[in-house]
Amino acid sequence: MEIPNIVAMKDRRYKTIAIEKIKVLNPRIRDEEQFQMNVQSIDSNGMLMPIRVNDKFLEKTACMN
């Protein structure tokens, strides 16, 4: 089994990606009430933690600064 290449925090990239360019490969099933609470929290507070996206499958033009 191959060990994944782990990138140090100081070397990670943070970019804005157009939401329509993101495809969820392993969506989790959530109950509707919890989902709505999450939506309301993000709407009120914004995203507190970045979402990890594997850019291996992302077109190079999809990344924006």
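The pLDDT is the predictor's confidence in each residue, on a scale from 0 to 100. For the predicted model described here, the protein chain averages a pLDDT of 76, and 83% of the residues reach a score of at least 70. Confidence varies along the chain: among its elements, helix H1 has the highest mean pLDDT, at 88, while strand S2, covering residues 63-64, has the lowest, at 48. Where pLDDT is low, the predicted coordinates should not be read in detail. That caution is a helpful companion when looking at strand S2, given its mean pLDDT of 48.

The overall layout is a friendly place to start. The secondary structure of the protein chain amounts to 1 helix and 2 strands, arranged in the order β-α-β from the N terminus on. Of the 65 residues in the protein chain, 6% are buried. The chain exposes about 7100 Å², and carbon and sulfur atoms supply 55% of that area.

Helix H1 spans residues 32-45. With 14 residues, H1 reaches 20 Å from its first C-alpha to its last, close to the 20 Å expected at 1.5 Å a residue. Just after H1 comes Gly46, which takes a positive phi of about 80°.

One residue of the helix also takes part in a feature of the surface. Ile42 lies in H1 and belongs to a nonpolar surface patch of about 670 Å². The other contributors to this patch are Ile19, Ile22, Val24, Met47, Ile51 and Val53. Ile42 counts as partly exposed because its relative accessibility is 42%, a value that lies between the 20% limit for buried residues and the 50% limit for exposed ones.

Turning to charged side chains, a search of the whole structure finds 1 salt bridge. Side chains of opposite charge can pair when their charged atoms come close. Here the partners are Lys10 and Asp11, whose closest N and O atoms are 3.3 Å apart; this separation satisfies the criterion of a Lys or Arg side-chain nitrogen within 4 Å of a carboxyl oxygen of Asp or Glu. The two partners fall into separate accessibility classes: Lys10 is exposed, because its relative accessible area is 72%, whereas Asp11 is partly exposed, with a relative accessible area of 45%.

Notes: Residues numbered from 1 in each chain as written. Heavy atoms only, no water. Patch = residues over 30% accessible without salt bridge, like charges linked within 9 Å, V, L, I, M, F, W, Y side chains within 5 Å. Areas by Shrake-Rupley, 256 points an atom, 1.4 Å probe, with all protein chains shown as cover. Helix = DSSP H or I, 4+ residues; strand = E, 2+ residues; numbered from the N terminus. Buried < 20%, exposed > 50% of the residue type's maximum accessible area, 1.4 Å probe, protein only. Expected span 1.5 Å × (residues − 1).
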